[in-house]
Amino acid sequence: MHDGTGRIVVQNLTKQFGPVAAVQNLSFTVEPGSVTGFLGPNGAGKTTTLRMLLGLVTPTAGIGLINGRPFSQLGNPARVVGAVLEAQGFHPKRTARNHLRVYAAAIGVPDSRADQVLQLVGLGAAGDRKAGGFSLGMKQRLALATALLGDPQILVLDEPANGLDPEGIAWLRTFLQSYARSGRTVLISSHLLAEVEQTVDQVVIISRGQTMYYGSLDQLRDQQQARVLVQPSDVGALVAALREDGITGIEQVPDGRIAVSGVEAKEVADTALKAGVSIYGLQEEKVDLERLFFQLTNGQYAAPGQSQYAAPVAYQQPQPGYQQFQAPPPGYQQQPQQYQTPPSGYQQPPPGYEQYQQPPQGYQQQPHGYPLAPQPPQDNPYGQPQQDNPHGSPQQPQQDNPYGRQHGQGGLGGGA
């Protein structure tokens, strides 16, 4: 029998798929009475970890325990843990109510429980509709109702907010928090960081299959101080004034502003005023989970170039000899553009090519009907000798007709 604590324990969990290490020595604990967020970018190993925890994937090393036991030793696991790994396991022609009744019979709960969980997840009016016609958000709710059939002590949900509208997300947040406040355990994986920040009590952040952080949100926020972002008219003068006042937490951000840590915006503004430096922008930046998350997981699948969440760079004075762009002096005139050689890839025109030229002075166009001068004989590619044309112009060669002889080709008048 299990110990009934509702605790999830992951110890040194590792999974190797051939040469790919999906999970590497992962360890954390999920306590009852709280909502724990399991965070990481796509491909970090979240779903693989949950599958090992639920007995669907055999770990290469380590172990995952629920109530002190592996999932396979829980006896009637649906009464202990309710899990949703994907919201697609529905027969499209079966109604939502009948779908739940099938699962209710499998785990030994009465059919009336199906109606209870439909009401609980907000699908009471859709119980007689076929699941194949449900939207993605409704399928998420039906999957959650399936997990709740056994009234489990533990909920394990993979991306539960996927497909939900804002109202559905707000409902899910309230439901999970109330479920945990009743003394139960909730573990949710997600990359919807803004939603998780308002829902969870503690987080497990993984990247490349390894634990990057495990603890409460407050402890995570305390690892980084709030900053004041400043856009001054003279960066060097403001930095020197701040250092004279004993403020040393000065960094340079990629957009050209400077970030000052450990002070309030009022202090920065007062220092700038005393130094005679104009301020074009002043913003207090609060610590948020999203920025911390990207700093912890930055680089796993990052595109080339500097990320906006990359580590800040300490401010440095410009190098000697550095000159900013200056406007040209009064009276400066731009030099006319000189002819340049053709660019690479330019080709000369073929031999014999001549550009169009105007006719010479005194040239007169020949009147209509004036006989043309005789042309020199040309080779006939069709093999037939050319015949004299009484009209004075060479006869055009007859072309092959792919459709055979047609009417109108035997005489000059177009008749048959």
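The legends below describe close-up views of one helix and two cavities in a predicted model.

Residues are numbered from 1 along each chain as its sequence is written. In this predicted model, local features need pLDDT of at least 70, side-chain atom pairs count only at pLDDT 80 or more, and totals for chains, interfaces and linings use all residues, while side-chain values use heavy atoms, with hydrogens and water left out.

**View 1. The two sides of helix H9 (residues 265-275).** Helices (H or I, at least four residues) and strands (E, at least two) are DSSP runs, numbered from the N terminus. Ala265, Val268, Thr271 and Ala272 are the buried residues of H9; buried means under 20% relative accessible area and exposed over 50%, with partly exposed in between (1.4 Å probe, protein chains only). Seen down the axis of H9, these buried residues fall within an arc of 130 degrees, so they line one face of the helix; the arc is that of the directions from the helix axis to the C-beta atoms. An α-helix has 3.6 residues a turn, so residues three or four places apart point the same way. Lys266, Leu273 and Lys274 are exposed on the other side of H9.

**View 2. The surroundings of H9.** The buried residues of H9 are covered by elements including strand S10 (227-232), helix H8 (235-244), strand S12 (258-261) and strand S13 (279-285), where contact means heavy atoms within 4.5 Å. Just after H9, glycine 276 takes a positive phi of about 70 degrees.

**View 3. The largest cavity, with a volume of about 100 Å³.** A cavity is a set of points, on a 1 Å grid over the protein atoms alone, where a 1.4 Å probe fits but cannot get out; lining residues have an atom within 4 Å of a point. Grid points are joined across faces, edges and corners, and a volume is the space filled by probe spheres set on the points. The count comes to two cavities of 30 Å³ or more. Helix H4 (136-147), strand S6 (154-158) and helix H5 (166-181) each supply at least two lining residues of the largest cavity, and the largest share, three residues, comes from H4. Among the lining residues are Val84, Gln140, Arg141 and Trp171.

**View 4. The second largest cavity, with about 70 Å³ of space.** Its lining includes Pro160, Leu172, Ile188 and Glu195. H5, strand S7 (185-190) and helix H6 (193-197) give two or more residues to this lining, and H5 supplies the largest share, three residues.

How values were computed: 1 Å grid on protein atoms, 1.4 Å probe; cavity = no way out; pocket = protein on both sides within 12 Å on 5 of 7 lines; lining within 4 Å.
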